[in-house]
Amino acid sequence: SILTIQEAIDVLHPSAIIMVGIAFGIDQKKRHMGDILVSKQLVPYDLQRVGTDTTGKMIVTLRADRPSASSRMLSIFRGAANYWQAPPKVHFGPVLSGDKLVDNLDYRDQLIGLNQEAIGGEMEGAGLYAIAQRKKVDWILVKAICDWADGQKTQQDEGQRQRDAAENAVRFLLY
């Protein structure tokens with residue numbers, strides 16, 4: 001996403017970027033397939049320190065910034081969410097972001113352990129932030145849940161769930 005976003009900024013000179021797409025969900029008791037996730041903050045998980053505590057147990061510490069989405073963009077999307085009546089629900093919170101396509105329950109749970117408040121995860125947001133910050137452009141993520149990153153993607157209609165999630169995110173953006 002980094003090169004595409006950089007080229008788009010250089011050509012279009014936008015005041016803000018809204019990244020729309022699909023994400024994995026985390027808590028099936030609080031969220032449902034197709035629910036919309038709006039980033040209040042990104043939690044990049046690729047830059048880590050992996051160490052050992054005094055008992056020999058592995059300790060993973062995130063080393064990247066935890067950037068907040070633009071307050072201007074958050075305000076706009078919160079306002080829209082106040083009047084959004086159609087399902088699915090809209091959730092605001094930290095979103096995990098990294099280069100890995102996560103489809104393993106144990107690994108997903110390790111990521112959740114790095115930020116208990118995270119509402120989901122995805123793969124392009126950290127790149128968006130890196131370029132948007134450098135180019136001084138406001139940004140926000142609007143993505144919808146297409147799976148639970150639990151190793152079950154291929155057992156269900158993955159393509160249809162991705163299409164439905166992407167459509168939900170776009171419908172909310174257009175709203």
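Start by selecting Ala149 in this predicted model: Ala149 sits in the loop between strand 7 and helix 5. Check its backbone, where phi is positive, about 55 degrees, even though the residue is not a glycine. Now switch on the surface and Ala149 drops out of sight, because its relative accessible area is 0%, which makes it buried.

Stay in that loop and move along to Asp157, between strand 7 (138-147) and helix 5 (158-174). Asp157 is partly exposed, at 48% relative accessible area. Add Glu158, Asp164 and Glu167 to the selection: together with Asp157 they form a patch of negative charge on the surface.

Next, go to Lys136, in the loop between helix 4 (125-135) and strand 7. Here is another non-glycine residue with positive phi, near 60 degrees. Buried or exposed? Lys136 is exposed, since its relative accessible area is 75%.

For a backbone oddity of another kind, pick Pro87 and Pro88: the peptide bond linking them is cis, with omega near 5 degrees. Pro88 belongs to the loop between helix 2 (71-83) and strand 5 (90-97). As background for these stops, most peptide bonds are trans, and most residues other than glycine have a negative phi.

Now zoom out and color by secondary structure. You should find 5 helices and 7 strands, running along the sequence as α-β-β-β-β-α-β-α-β-α-β-α. The chain's radius of gyration is 16 Å, close to the 16 Å from the globule rule for 175 residues, so the chain is as compact as a globular protein of that length. Its C-alpha trace spans about 50 × 40 × 25 Å along the principal axes, and 43% of the 175 residues count as buried.

Definitions and conventions. Residues numbered from 1 in each chain as written. Predicted model: local features only at pLDDT ≥ 70, side-chain atom pairs only at ≥ 80, totals over all residues. Heavy atoms only, no water. Patch = residues over 30% accessible without salt bridge, like charges linked within 9 Å, V, L, I, M, F, W, Y side chains within 5 Å. Areas by Shrake-Rupley, 256 points an atom, 1.4 Å probe, with all protein chains shown as cover. Salt bridge = Lys/Arg side-chain N within 4 Å of Asp/Glu carboxyl O. Lys, Arg positive; Asp, Glu negative; His and termini not counted. Charge placed at Lys NZ, Arg CZ, Asp CG, Glu CD. Helix = DSSP H or I, 4+ residues; strand = E, 2+ residues; numbered from the N terminus. Buried < 20%, exposed > 50% of the residue type's maximum accessible area, 1.4 Å probe, protein only. Rg over C-alpha atoms; globule rule 2.2 N^0.38 Å.
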